[in-house]
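Work through these exercises with the model open. Each task is followed by a solution in steps.

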Amino acid sequence: MSASNGKGPSPITDGPECQAQVDPLAALRTPDDPPWDVYLTGPVFLDIIFTGLDSAPVRGTESWARGMGSSPGGVANMATALARLGLKTSLATAFGDDHYGEYCRDALEQGEGIDLSTSRRVPGWHSSVTVSMAYEGERTMVSHGHEPPPEAAFAQAGAPGSPPRARAAIAALTPGKRAPWIAEAAARGTRIFADVGWDDTGTWDLAGLADLEHCEAFLPNAEEAMRYTGAATPRAAAHALTEHVPLAVVTLGAEGAYAVDRRTGETAEVPAIAVEALDPTGAGDVFVAGFVTGTLADWPLADRLAFAGLTAALSVQEFGGSLSAPGWSEIAAWWRKVQSVEGQDPAALRRYAFLEHLIPQGEAARPWPLRRAVPTIGFGSA
């Protein structure tokens with residue numbers, strides 16, 4: 001099945017009372033629920049994305065981009081993706097008190113409705129910046145940042161007091177290091193979903209991911225999964241990982257994703273949706289956000305994989321990280337579009353039929369206003 005570009009404004013209202021059009025957990029909510037669906041922590045960057053480049057910049061020349069976008073990046077990619085899918089999201093991070101930091105904070109709190117009550121504004125600290133150049137479906141990035149002062153590092157590590165009560169938390173595991181908040185959150189009943197980056201030490205020792213013992217799910221890519229387990233194939237690696245974590249999800253790139261749930265013995269594999277990728281920035285974060293959404297909503301494993309893959313596919317059709325995270329209006333537009341295209345594989349359509357009772361219908365499908373990230377940092381008031 002191919003995906004049409006059904007992008008539009010994300011379905012979130014303007015202002016601090018932002019709310020996605022669809023609440024995927026509506027049927028499960030009770031008065032005793034935690035105040036947040038998902039908690040996460042980490043550093044925020046200001047991302048500046050140049051688009052419309054015909055080729056990579058050439059040394060000694062000047063290249064003009066036909067487009068540009070700016071948005072919060074880093075952990076903000078994941079937080080934005082979660083919020084746009086209708087999850088109540090709380091983010092612990094640190095913001096510089098420069099214009100970049102104010103812009104990122106406003107975009108997340110006012111524009112996306114993300115709770116920043118556990119975040120901090122750090123006087124005299126400059127925001128980190130990443131410039132990304134997207135071309136030929138790839139990206140080249142240049143970043144700059146100052147060493148965070150202790151109070152910034154403290155906030156980025158999720159350490160300001162106990163983590164808030166939440167249904168789930170997403171943790172980025174670091175080889176050889178523990179994050180104390182993970183054990184605290186797990187002890188309070190928060191379900192921990194973990195991903196991991198490249199192991200620069202080259203040891204690829206699962207014992208070094210000490211916080212994995214607190215996690216419900218682990219979502220590495222195929223290369224990471226095989227290196228950590230020594231397995232010859234990504235699917236074998238997924239099964240091997242269930243010796244250490246109840247649920248293993250291995251992303252397979254263009255092949256889709258494969259998951260194993262040790263608790264039920266269930267396995268699932270869903271192929272990727274064929275798209276014309278413009279920029280892969282943040283696609284992994286969007287995949288995790290989609291999978292967490294489906295898990296908290298108690299969907300079948302295969303539906304969770306399909307939804308995660310769909311949201312990631314929609315994201316790579318646009319530029320930037322948080323800029324490209326899809327909301328329910330984008331998902332609805334895609335579903336309506338593929339149903340209208342002749343020659344679609346009926347089996348492929350049935351794979352996504354679970355969307356029918358979720359997406360907005362008729363007038364409700366119109367996107368709500370949203371102060372999205374804009375091409376410039378902001379215009380002065382009149």
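**Exercise 1.** In which sense do β1 and β4 pair, and over how many bridges?

Solution. This is a predicted model. Start with the two strands: β1 covers residues 36-41, and β4 covers residues 89-92. Next, read the pairing. β1 and β4 run in the parallel sense, with four bridges between them. Finally, fix the register: V38 stands opposite T89 in β4.

**Exercise 2.** Sort the residues of β4 by the way they point, and decide whether they are buried or exposed.

Solution. Begin with the rule. In a regular strand, side chains alternate between the two faces of the sheet. Now apply it to β4. T89 and L91 point one way. S90 and A92 point the other way. Then check burial: all of these β4 residues are buried.

**Exercise 3.** Place P43, classify its exposure and list its contacts beyond four places in sequence.

Solution. First, location: P43 lies in the loop between β1 (36-41) and β2 (44-51). Second, exposure. P43 has 37% relative accessibility, so it counts as partly exposed. Third, contacts. With neighbours within four places in sequence set aside, P43 touches G73, G74, V75, T93 and Q156. Last, take a distance: S128 is 85 residues from P43 in sequence, yet their C-alpha atoms are 8.8 Å apart.

**Exercise 4.** What is the mean pLDDT, and which stretches fall below 50?

Solution. The protein's mean pLDDT is 86, and 88% of its residues reach 70 or more. Residues 3-19 are below 50, with 65 contacts in the model beyond near neighbours in sequence. Residues 363-374 are also below 50; this stretch has 42 such contacts.

How values were computed:
Residues numbered from 1 in each chain as written. Predicted model: local features only at pLDDT ≥ 70, side-chain atom pairs only at ≥ 80, totals over all residues. Heavy atoms only, no water. Buried < 20%, exposed > 50% of the residue type's maximum accessible area, 1.4 Å probe, protein only. Contact = heavy atoms within 4.5 Å. Pairing = 2+ DSSP bridges. pLDDT = per-residue confidence, 0-100.
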